[in-house]
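Please open the model in your viewer and keep the sequence beside it. The tour below proposes one selection after another and states what is to be found at each.

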Amino acid sequence: MSFQTIEVRTSRRNEFVDVTGKVRAAVTESGVTEGLCCLYVPHTTAAVCINEAADPTVSRDILAHLSRVVPERGDYHHLEGNSDAHIKSALVGPTGIIPIQAGQLVLGTWQGIFLCEFDGPRTRRLYVKVIAG
Ligand code: ZN
């Protein structure tokens, strides 16, 4: 079993950062050929999303839609002023699980892995736990 931390420096308040290559490298480094790749962000204003990575307009559209559904200013009580980021994080979620076969992540042709930033720019951590089995 292997546990690795991927550090991601984000550059905007709302941003999808493609981390597919870094996760692939973590799986290769683990040496696990059959199993599960578990992803987790230990943050309350970030998330993990597996979705289309080939066309960047898709993640742009997801971010734009989230911002319409959860506007930055609203009837929020949280004093820190970033309730929209917490809500987006809760909607998208902090985890992802991807099967590993023949040493490779089992991703669809168009799928990629994104660290989703909702209150950047910040330095974020993505934990990668690879479980053989
Ligand atoms: Zn907050």
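Which residues of the largest nonpolar core touch the most other members? Select Val23, Cys37, Leu39, Leu105, Ile113 and Leu126: among the 21 residues of this core, these touch the most other members. A nonpolar core is a set of buried Ala, Val, Leu, Ile, Met, Phe, Trp, Tyr and Cys residues joined through side-chain atoms within 4.5 Å. Buried means under 20% relative accessible area, exposed means over 50%, and partly exposed lies in between (1.4 Å probe, protein chains only).

Before continuing, note that this is a predicted model, in which local features need pLDDT of at least 70 and side-chain atom pairs count only at pLDDT 80 or more, while totals for chains, interfaces and linings use all residues. Residues are numbered from 1 along each chain as its sequence is written, and side-chain values use heavy atoms, with hydrogens and water left out.

**The first core**

The elements that give two or more residues to the largest core are E1, H1, E3, E5, strand E7 (111–117) and E8. Helices (H or I, at least four residues) and strands (E, at least two) are DSSP runs, numbered from the N terminus. Now centre the view on Leu105. Leaving aside neighbours within four places in sequence, Leu105 is in contact (heavy atoms within 4.5 Å) with Val23, Arg24, Val27, Cys37, Ile98, Pro99, Ile100 and Ile113. In soluble globular proteins, nonpolar side chains tend to be buried together.

**The sheet and helix H1**

Next, display the strands. Five of them form an open sheet in the order E1-E8-E3-E5-E6, with antiparallel pairing; two strands pair if DSSP finds at least two bridges between them. Its edges are strand E1 (2–9) and strand E6 (104–105), each of which pairs on one side only. Select strand E3 (residues 35–40) and strand E8 (residues 123–132): these run antiparallel and are joined by 6 bridges. Within E8, Val130 is the bridge partner of Cys37.

Add helix H1 (residues 20–30), which packs on the sheet and touches E1, E3, strand E5 (95–101), E6 and E8. The direction of H1 makes about 160° with that of E1; axes are lines fitted to C-alpha atoms, for helices over the stretch in contact, and angles run from 0 to 180 degrees between N-to-C directions.

**Helices H2 and H3**

Move to helix H2 (residues 56–69). Its 14 residues reach 20 Å from the first C-alpha to the last, close to the 20 Å expected at 1.5 Å a residue; the expected span is 1.5 Å times one less than the number of residues. Which residues of H2 are buried? They are Ser59, Leu63, Ala64 and Leu66. Seen down the axis of H2, the buried residues fall within an arc of 160°, so they line one face of the helix; the arc is that of the directions from the helix axis to the C-beta atoms. The face turned away from the buried side carries the exposed residues Arg68 and Val69. What covers the buried residues of H2 includes strand E2 (15–18) and H3.

Select H3 in turn. Its buried residues are Ser83, Asp84, Ala85, Lys88 and Ser89, and they pack against strand E4 (46–52) and H2. Is Lys88, in helix H3 (residues 83–92), buried or exposed? Lys88 counts as buried because its relative accessibility is 2%. Beyond neighbours within four places in sequence, Lys88 is in contact with Asn14, Leu66, Ser67, Val70 and Phe118. Just after H3, Gly93 takes a positive phi of about 100°.

**A second core and Phe114**

Apart from the largest core lies another, of 9 residues, among them Ala47, Leu63, Leu66 and Cys116. Then select Phe114, in strand E7. Phe114 is buried, with a relative accessible area of 5%. The C-alpha atoms of Phe114 and Ala47 are separated by 8.3 Å, although these residues are 67 residues apart along the chain. Residues that Phe114 touches, not counting those up to four places away in sequence, include Phe16, Val17, Ala47 and Val48.

**Two loops**

Finish with the loops. Pro121 is in the loop between E7 and E8, and the peptide bond from Gly120 to Pro121 is cis, with omega near -5°. Ala102 lies in the loop between E5 and E6. Phi of Ala102 is near 50°, a positive value in a residue other than glycine, and at 60% relative accessibility Ala102 counts as exposed.
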